[in-house]
Amino acid sequence: MNAMIALETIVYLFLGLAVMMIGYFLIDLVIPVDFPKEIHDGNKAVGWVSAGIYAGLGYIIRSAILSLELSEATELLQGVLSTVIYAGIGILAFIIGYFLVDLVNRKFNFNEELKNKNEAAGIMVFGIFMGVAFIVSGVIL
């Protein structure tokens, strides 16, 4: 195994986990539901939202890594910076997608539905996050 590939794997693994946790934290700040408390209380709707955050950001990070021109000219630091920027765009896109769909869909309010443990609403938000991740990833690749 090439030492550089091993180093890149370790760096991107820890970077990806850190970015996903930061994204989770930031999205938890803007959605007025206490994610850790709701997860602890068994709220499956918030569990679906959380899964969407992690899976969607993981997909965006994967696409950012795949988009790199892996050559000697590519610096690891440059790849890391690019990955962080794309993940930041993804986090912002998740937040915009959440509020835009909630604004357009006036039949119910995501914030209230998630607080009321409406699993269908959580699955819908999961779908929004994954759909946004596919769009952002498509642009990256």
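This is a short tour of the structure above, stop by stop, with something to select at each one.

**Stop 1: the whole chain**

Start with everything shown as a cartoon, and keep in mind that this is a predicted model. Colour by secondary structure: you should find six helices and zero strands, so the pattern along the sequence reads α-α-α-α-α-α. The C-alpha atoms fill a box of roughly 55 × 30 × 20 Å along the principal axes. Of the 141 residues, 40% are buried. Among contacts with a separation of 6 or more, 75% are between residues 24 or more positions apart.

**Stop 2: the nonpolar core**

Now select I27, I31, F35, I53, F94, L114 and F129, and show their side chains. These residues have the most contacts inside the largest nonpolar core, which has 35 residues. Which helices supply at least two residues each to this core? They are α1 (3–30), α3 (44–66), α4 (76–104), α5 (110–115) and α6 (119–140).

Stay with F94 for a moment. What is F94 in contact with, leaving aside neighbours within four places in sequence? The partners to select are I27, G52, I53, G56, L57, I60, F129, V132 and A133.

**Stop 3: α1 beside α4**

Hide the rest and keep α1 and α4. In general, two packed helices are described by the angle and the distance between their axes. Here the axes come within 10 Å and cross at roughly 25°. Angles under 35 degrees count as roughly parallel, and therefore α1 and α4 are described that way. The crossing of α1 past α4 is right-handed.

To see where the two helices meet, show side chains on both:

- On the α1 side, pick residues including M4, L7, V11, L15, V19, G23 and I27.
- On the α4 side, pick residues including L76, V80, T83, A87, I91, F94 and F99.

**Stop 4: aromatic rings**

Bring the full chain back and look for rings: the structure holds eight aromatic pairs. Select Y24 and F35, an edge-to-face pair with 5.4 Å from centre to centre and 65° between the planes. This pair links distant parts of the chain, with Y24 in helix α1 and F35 in helix α2 (residues 35–40), eleven residues apart. Are these two residues buried or exposed? Y24 counts as buried because its relative accessibility is 15%, and F35 counts as buried at 0%.

Add Y54 to the selection. Y24 and Y54 are stacked, again with 5.4 Å centre to centre, and with 20° between the planes. Y54 sits in helix α3, 30 residues from Y24 in helix α1. With a relative accessible area of 32%, Y54 is partly exposed.

For another group of rings, select Y98, F99, F108 and F110, which ring pairs link into a cluster.

**Stop 5: a loop residue**

Select D34, in the loop between α1 and α2. D34 counts as partly exposed because its relative accessibility is 44%. Then add V46: this residue is twelve residues from D34 in sequence, and their C-alpha atoms are 9.0 Å apart in space.

**Stop 6: a serine in α3**

Finish at S63, in helix α3. S63 has a relative accessible area of 0% and is therefore buried. What does S63 touch, not counting residues up to four places away in sequence? Select S137, I140 and L141 to find out: S63 touches each of them.

Terms used. Residues are numbered from 1 along each chain as its sequence is written. This is a predicted model: local features need pLDDT of at least 70, side-chain atom pairs count only at pLDDT 80 or more; totals for chains, interfaces and linings use all residues. Side-chain values use heavy atoms; hydrogens and water are left out. A nonpolar core is a set of buried Ala, Val, Leu, Ile, Met, Phe, Trp, Tyr and Cys residues joined through side-chain atoms within 4.5 Å. Buried means under 20% relative accessible area, exposed over 50%, partly exposed in between (1.4 Å probe, protein chains only). Helices (H or I, at least four residues) and strands (E, at least two) are DSSP runs, numbered from the N terminus. Contact means heavy atoms within 4.5 Å. Rings of Phe, Tyr and Trp (its six-membered ring) pair if their centres lie within 6.5 Å; planes under 30 degrees apart count as stacked, over 60 as edge-to-face and the rest as tilted. Axes are lines fitted to C-alpha atoms, for helices over the stretch in contact, and angles run from 0 to 180 degrees between N-to-C directions. Angles under 35 degrees count as roughly parallel, over 145 as roughly antiparallel, 65 to 115 as roughly perpendicular and the rest as oblique. A crossing is left-handed if the near helix is turned anticlockwise from the far one by less than a right angle, and right-handed if clockwise.
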